[in-house]
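Q: I should like to learn how the features of a protein model are read. May we work through one together?

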Amino acid sequence: MPPGAIVCRSLWKIFEAGPSRVTALKDVTLNIADGEFVTLVGASGCGKSTLLRTLAGLEEPSAGELEVGGIPVTGPGVDRAMVFQNYSLYPWLTVTGNIKFTRQLTAHTRDRTSADVERAAGRADALLELMGLKAVAGAYPNQLSGGMQQRVAIARALMSRPRILLMDEPFGALDAQTREVMHDLILHVSELEQSTVVFVTHDVEEAIYLGRRVVLMAPRPGRIDSVYEVPLPARREQAMKLSSGFVRLKAAILKRIRETSGLKTDLELLQKLSQRAAS
Ligand SMILES: Nc1ncnc2c1ncn2[C@@H]1O[C@H](COP(=O)(O)OP(=O)(O)OP(=O)(O)O)[C@@H](O)[C@H]1O
Ligand SMILES: [Mg+2]
């Protein structure tokens, strides 16, 4: 099986906290092809982050099987890298330092030759160029905009040449214009690196624009509700967001998210929230 392919077979994750039990993942079966870009959407608490953390090897499934490249996942590995919403950069390191740091952590010092160091420096340089960070290579994270910090975090994740990028609402904190730039950048980068990407978002438009497939999860218990093929050409362009196929799919997914969260309209959600606030 190709190294970037993911197979989940009847995955369950049950959190036990004292007497209470939360079924965060119920019988999740999902195959993701090598090099595929899949997005996960769904109401809050439906298990998106839990599924991503399980793929990363940070959570152990309660039952079921998980394989990456045909090999059972038993923990984190350099073949999989995570990117989070809060950029989690090291404030005391420059942009270049942040990008190289992961490599220094994963490579065993005594095994490193000068050729390794040179290769790593070359890779860091190429990533700086690719992510448009050359001009700020010597800057510190607090001197950068949110969009730039997230580009550093992505470059750092790519440093070890992971086959799989796992992204948990990575652009959630960015403004709309910066997000659009980041969308085209991540599509370009994932194509160049031939990475498999699993991308969690609350934003249905983002999910459709980026994903070849959109996986919709539902809460209580967390499970896969439906999977949508995105009817757009592989090479995306912003203008496609106005196409009838895009608009129709967006409406269908939003409707299904409302249905699966037990609320038919946003107004109902607001009423429920205000009732809760008043009681
Ligand atoms: N470590 C944990 N211990 C106990 N319960 C947990 C733990 N992590 C997650 N849960 C529960 O599992 C369920 C799924 O959580 P998860 O964070 O995966 O949802 P999510 O879809 O990512 O939500 P959001 O969109 O709000 O980020 C929730 O009910 C959550 O409270
Ligand atoms: Mg989450």
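Q: Which elements each supply at least two residues of the shell around ligand 1?
A: In this predicted model, strands β1 (6-17) and β2 (20-32) and helix α1 each do so. The most is given by α1, with three residues.

Q: How many residues surround ligand 1, and which are the closest?
A: The shell has 13 residues, and the closest are Phe15, Ala24, Ser44, Ser49 and Thr50. By character, the shell divides into five nonpolar residues, seven polar ones and one charged one.

Q: Where is Ser44 found? Is Ser44 buried or exposed?
A: Ser44 belongs to the loop between β3 and α1 (48-56). To judge exposure, one counts the other C-beta atoms within 10 Å, and 12 or fewer makes a residue exposed. Ser44 has 8 such neighbours, so Ser44 is exposed. Positions distant in sequence may also be compared in space: Ser44 and Met217 are 173 residues apart along the chain, and their C-alpha atoms are separated by 9.6 Å.

Q: How is strand β3 placed, and how many of its residues are buried?
A: For a strand, one may begin with a general idea: in a regular strand the side chains alternate between the two faces of the sheet. Each face can therefore be examined in turn. In β3, Phe37, Thr39 and Val41 on one side are buried, and so are Val38, Leu40 and Gly42 on the other, which leaves both faces covered. Because six of the six residues of β3 (residues 37-42) are buried, the strand is largely enclosed by the rest of the structure.

Q: Which strands pair with β3, parallel or antiparallel?
A: There are two to consider. Strand β8 (residues 196-200) runs parallel to β3 and is joined to it by four bridges. Strand β9 (residues 213-218) also pairs with β3 in the parallel sense, over five bridges. Thr39 shows both pairings: its bridge partner in β8 is Phe199, and its bridge partner in β9 is Val214.

Q: What is the order of the strands in the open sheet of four strands?
A: The order is β2-β1-β4-β5, with antiparallel pairing. The edge strands are β2 and β5 (71-72), each of which pairs on one side only. Between β1 and β2, which run antiparallel, there are nine bridges. As one example of facing residues, Cys8 stands opposite Leu30 in β2.

Q: Which residues of the largest nonpolar core touch the most other members?
A: The general idea is that nonpolar side chains tend to be buried together in soluble globular proteins. Here the largest nonpolar core has 65 residues, of which Val152, Ala155, Leu166 and Val198 touch the most other members. Helix α4 (residues 146-158) contributes the largest share of this core, seven residues. Since domain 1 (6-79 + 163-278) and domain 2 (89-161) both give residues to the core, it lies between them.

Q: Which residues are in contact with Ala155, leaving aside its neighbours within four places in sequence?
A: Ala155 is in contact with Ile99, Leu127, Leu128, Met131 and Leu133.

Q: Which residues other than glycine have a positive phi?
A: Two examples may be given, one in each of two strands. Ser10 has a phi near 45° and lies in strand β1. Asp27 has a phi near 50° and lies in strand β2. Their surroundings can be read from neighbour counts. Ser10 has 13 other C-beta atoms within 10 Å and is therefore partly exposed. Asp27, with 15 C-beta neighbours inside 10 Å, counts as partly exposed too.

Q: Is the peptide bond from Arg220 to Pro221 cis or trans?
A: The angle to read is omega. For the bond from Arg220 to Pro221, omega is near -10°, and the bond is cis. Pro221 lies in the loop between β9 and β10 (223-229).

Q: How many helices and strands does the protein have?
A: The protein has eight helices and 10 strands. Of its 279 residues, 34% are buried. One may also ask how far apart in sequence the contacting residues are. Among contacts between residues at least 6 apart in sequence, 72% join residues at least 24 apart.

Technical notes
Residues are numbered from 1 along each chain as its sequence is written. Chains are lettered from A and ligands numbered from 1 in the order in which they are written. This is a predicted model: local features need pLDDT of at least 70, side-chain atom pairs count only at pLDDT 80 or more; totals for chains, interfaces and linings use all residues. A residue is buried if 20 or more other C-beta atoms lie within 10 Å of its own, exposed if 12 or fewer, and partly exposed in between; C-beta atoms are placed from the backbone. Two strands pair if DSSP finds at least two bridges between them. A nonpolar core is a set of buried Ala, Val, Leu, Ile, Met, Phe, Trp, Tyr and Cys residues joined through C-beta atoms within 7 Å. Domain bounds come from an automatic or database domain assignment. Two residues are in contact if their C-beta atoms, placed from the backbone, lie within 7 Å. A residue is near a molecule or strand if its C-beta atom, placed from the backbone, lies within 6 Å of it. Ala, Val, Leu, Ile, Met, Phe, Trp, Tyr, Cys and Pro count as nonpolar, Asp, Glu, Lys and Arg as charged, and the others, Gly among them, as polar.
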